[in-house]
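Thanks, everyone, for making time this morning. I would like to walk you through one part of a structure, so please have the view open while I talk.

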Amino acid sequence: MTQIAETSEQDIILTPNAAKRVAAIADKQGMPAVLRLSVEGGGCSGFQYRFGLAEAIEDDDTVVEESGVKLAVDEISLDLVRGSAVDFVESLGGSAFQVTNPNAASGCGCGSSFSV
């Protein structure tokens, strides 16, 4: 039986706007409404955010839920994004999921990579 690590609101937040967008994408692709956030080495600032729809929740995931949509973050990535908010923003430059990360010491201009 898979156990999901429950998290408090201060660990990570999925905004209602991001949840709405995930639900729409998942519906179009016929997948569960589960957004996976992971952090990988690379990008212009050292670490980069990766987003994708997940088929399932993994054993070491921390999961938060907003409006029926789940955000899954693996244990290692959570250490780098704890306290963050995941939002979906639309601007003249385009639309994208955005992480507001209080742990980031610096970031790149596009907001997809950061350093600690």
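I will begin with a sheet, then turn to a helix, and finish with a single asparagine.

Please keep in mind throughout that what you see is a predicted model.

Let us take the sheet, which is open and has three strands in the order β2-β7-β8, with mixed pairing. Its edge strands are β2, residues 12-14, and β8, and each of these pairs on one side only. If you look at how neighbouring strands of this sheet sit against each other, they are turned by 25° on average, with direction ignored.

Within that sheet, β2 pairs with β7, which covers residues 84-91, in the parallel sense and over three bridges. If you would like a landmark for this pairing, take Ile 12, whose bridge partner in β7 is Ser 84. Lying across β2, β7 and β8 is helix α1, residues 16-29, and the helix runs at about 70° to β7.

Now to the asparagine: where does Asn 101 sit? You will find Asn 101 in the loop between β8, residues 94-100, and β9, residues 106-107. Asn 101 has a relative accessibility of 11%, and because the cut-off for buried is under 20%, Asn 101 counts as buried.

What, then, does the side chain of Asn 101 contact? One polar contact, at 3.3 Å, is with the side chain of Ser 84, the residue I mentioned a moment ago as the bridge partner of Ile 12. In addition, a polar atom of the Asn 101 side chain lies 3.0 Å from the backbone oxygen of Leu 80.

Terms used:
Residues are numbered from 1 along each chain as its sequence is written. This is a predicted model: local features need pLDDT of at least 70, side-chain atom pairs count only at pLDDT 80 or more; totals for chains, interfaces and linings use all residues. Side-chain values use heavy atoms; hydrogens and water are left out. Helices (H or I, at least four residues) and strands (E, at least two) are DSSP runs, numbered from the N terminus. Buried means under 20% relative accessible area, exposed over 50%, partly exposed in between (1.4 Å probe, protein chains only). A polar contact is a pair of N or O atoms within 3.5 Å; within protein, one must be able to donate a hydrogen and the other to accept it, and residues adjacent in sequence count only if both atoms are side-chain atoms. Two strands pair if DSSP finds at least two bridges between them. Axes are lines fitted to C-alpha atoms, for helices over the stretch in contact, and angles run from 0 to 180 degrees between N-to-C directions. Contact means heavy atoms within 4.5 Å.
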